[in-house]
Each structure stands twice: as C-alpha cells, then as structure tokens.
Amino acid sequence: MPARGWQYTVSGRLCRTYLYFAGIMSIVAPDVPLASPFAAYRGLDDALLAERIEAVRRRMGSRLVILGHHYQQDGVIAHADYQGDSYQLSKSAADRADCEAIAFCGVHFMAETADILANRPEKVAARGGRRVTVVLPDMAAGCSMADMAAIEQVEDAWADLGRVIDTADITPVTYINSAASLKAFCGRHGGIVCTSSNARAVLDWAFARTKRVLFFPDQHLGRNTARAMGIPLDEMALWNPHDSALGGNPREQIEKSRVILWQGHCSVHAMFKPEHVDAMRANLPGVKILVHPECSMEVVDKADLTGSTSYILGQVEKAPPGTIWAIGTELHLVKRLEQNHPEQTIRFLSPVVCMCATMYRIDLAHLCWSLEHLERGKPVNVIRVDDETAKWAVTALERMLAVK
Ligand code: 13P
Ligand code: SF4
C-alpha cells in the first residue's frame, strides 16, 4: 500500500491522542446501556459517542480493525485504523492476519469485498476455522452506481451478446463498486475486478487475453480508461440494460466494439460539468483541475489531472505551497484536503454540493452501536457473502490483486 493512505492512519491516531490529552476522552456518561437498539444511540452527544467508540477500540485492541473510505465524515475518519481508497482498503482487508472483526466505514460493496477477502478458505483454515466478522455500521449505506447493474441484467446482456459475438472473446470487468454477485460473474467467466486506481492495468490484462471487454457498472471509468489507452469512441458501445434490443445498439456496433460499456454512473460525480471547469479557469488564473475518473469524459477532457481518491490526495500532498486547485470528487474529501493544506488554495469544482448521501449514513451513532454489539458478541449489520458467490468473487478479486 502506498505510504499516503497510511499517513492518514497516523493523523487519525494523532486526532485521537489529541482528544485524549485535551480531556475530551475522559467524558464518561453512558446514559444508554450497552447493546441497546439503534434508536437509543441517536440522541447521544458526539463527544460521548467518540469516547465509547474509543473505549471499545482500547478493549478490543488488534482484534478490531476499523476501515474508513476517504469520503467518510471527519468524525468517523478520526476513529479509523486505515483510511484509503477502495483498492487500498480491499488490500488491507486481504492482508490482515490477526484481526477478528472489521467495521467497514464505507458502503455495502466495500464491506462485501472485505468479507470475501478476509474470509478466503485458506485464511479461515489458518485461523483454525474462525471467520472474521465484517460489519457495516448502517445497512442503508449502499451505492446507487452499484445498484445500476443487477446480476440478472448482466446475465441477460451476456446471453444477448452471445447471439451476435463470441463471448469467449469478451473479458467481463467489473468496477469494485458492484455487488458480490457481479464479481462472482466475472470470476466464473474469466473476468476480473478493477478499481479507479488500477483500471488501466486491468484493461491491459484483459486485452492481453481477449479482443473485447464488457465493463460494468460505471460507463465513465470504462470510457475514460479505454480512451486513455487509445481506443476510439466508435469502438465502444453503450449498453442500456433496459433496452431489450441489444442494449439499444445496432448489431454492427456490437460487432465492431472493443469495449461494451454498461450504462451506469455515479450520481455524485455526474454533478460535475464541463462548464464548471470553464468557470474555474475564468475565475482562478493558474488553477489546476483535478478530477475523479467517475466524472464524464467531457469533464475529464477539460481537466489537468484525473485519478482515484488516493491519487487526488497524493497530488495535493506533493504540490508546492501556493498551488491552486479545483477538485472534482466527493465533498468530504475535498473539504478535508482544504483543511489539511492551508498553504494551497483548494476549491470544490462544482457550485452545488456533490455529496455521497450513502457514505454519509455512517455516523458516530451507527459506528458506536455496531462496535458495542460486536464487542459483546452480538454483532448487528453483519455482511456475509454466501460461500458459492464468495468463491467466484475471490477468483476475480485475486486476479485484480495480482495485476501490477
Ligand atoms: P476510489 O476511492 O477507489 O477512487 O473510489 C471512489 C468512489 O466513488 C468510491 O465509492
Ligand atoms: Fe457510489 Fe458514487 Fe457514492 Fe462512490 S461516491 S459510493 S460510486 S454513489
């Protein structure tokens, strides 16, 4: 894992240390008994919740790992052992040997990935049959993009494609932002998972094996990556899962396509528009536009730099004082960068709030509720992928982890 993700781990610890010495951690007034229904936690003060979360962390020690995606709220990130992008977090879940439980502060597909990787059969055997329990503090923390591709739709698309082209010559590639069943589909069909950090390397891997790729669920990551590899737009088809006539494509388009893009998108990154880039350039001379590849091709084309959340963080961290940025990704990450880098000028690319409402569902109350239940051996919101799905999903995930 690159050092930067871990630096944030350290800052999370510093934050806790600061709270402790500032005396805030000594507030002990647990007026909600342990293992209460969630509603009892809702009204608790943040300082008290933070204290109770830290108390569980102290008692559980290395048996508990809290993972936090970059889009999480600062208050939640302060309790994370590791902060990172989807790739870093899935790798850290894959690498951990000693932990008994993972609390995933992110969204549903991330917790599924952690469950699959942490509970691979050889890992479970090495622990004497013990599984790592993975919890998602709020089960409503889903991902609207992941929901845009259902396994039945992908299987239908595969069957439809098989009527016009040879599916043995297609590698299915799923963005990690997808349900475990889609990862399993890729595992079963010689396919692979990618993240925004490794999409280019994964597509290279796929094209070394087959002529074509079916990429789901994010059309933008697929298109932006394929274009950066020199694949022309007329060799890409857009597959609308709601159109039963070859996903809305003439047969010839499918036949000449090297990349078939699923018509899915991230509703947060869809809010960044090319005109926002124009406005920033007009108002902030010298500005560098830095965006996530889930943004549309029109935005990416106008940007100076494009990359995953960790890439964005790394670019800002290594930039000299006085650098001016307009950043197109989820609001919480941009706000944190702004606070952590007062020596640079950091602006949010869009004039409107682009916030991931489902990431935001993880708050201190849900984290505290899930940790206290976990500690008492009565976990709530357990994410458990069934063995058959996990077996094939891990095949696709391990292919990804092996790609350099
Ligand atoms: P990364 O952190 O992998 O760049 O993903 C962004 C995202 O949208 C996660 O949901
Ligand atoms: Fe899904 Fe977009 Fe939210 Fe990421 S930011 S979890 S892709 S909706």
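**Reading a helix face, a sheet and a ligand shell**

Author: Let's start with helix α13, residues 274-283, in this predicted model: its buried residues are His276, Val277 and Met280.

Reader: How are the buried residues placed, seen down the axis of α13?

Author: They fall within an arc of 100 degrees, so they line one face of the helix. Here's the general idea: an α-helix has 3.6 residues a turn, so residues three or four places apart point the same way.

Reader: And which residues are exposed on the other side of α13?

Author: Glu275, Asp278 and Ala282.

Reader: What covers the buried residues of α13?

Author: The cover includes two helix and strand pieces you can look up right away, α14 (297-302) and β10 (288-291), along with β12 (324-328) and β13 (345-348).

Reader: On to the sheet. In what order do the four strands of the open sheet come?

Author: Read across, they go β2-β1-β3-β4, with parallel pairing. β2 (82-84) and β4 (133-135) stand at the edges with a single partner strand each, so one side of each has no neighbour in the sheet. On average, neighbouring strands are turned by 20 degrees against each other, ignoring direction.

Reader: Over how many bridges do β1 and β3 pair?

Author: Five, linking residues 64-69 of β1 with 101-105 of β3. Gly68 stands opposite Cys105 in β3. Helix α6 (residues 108-118) lies across β1, β3 and β4, and runs at about 155 degrees to β3.

Reader: Last one: which classes of residue make up the shell around ligand 1?

Author: Two nonpolar, seven polar and two charged. Among the residues surrounding ligand 1 are His70, Asp85, Tyr87, Cys266 and Glu294.

Conventions. Residues numbered from 1 in each chain as written. Chains lettered and ligands numbered in written order. Predicted model: local features only at pLDDT ≥ 70, side-chain atom pairs only at ≥ 80, totals over all residues. Pairing = 2+ DSSP bridges. Axes fitted to C-alpha atoms, helices over the stretch in contact; angles between N-to-C directions. Contact = placed C-beta atoms within 7 Å. Near = placed C-beta within 6 Å. Nonpolar A, V, L, I, M, F, W, Y, C, P; charged D, E, K, R; others polar. Buried ≥ 20, exposed ≤ 12 C-beta atoms within 10 Å, placed from the backbone. Arc of directions from axis to C-beta.
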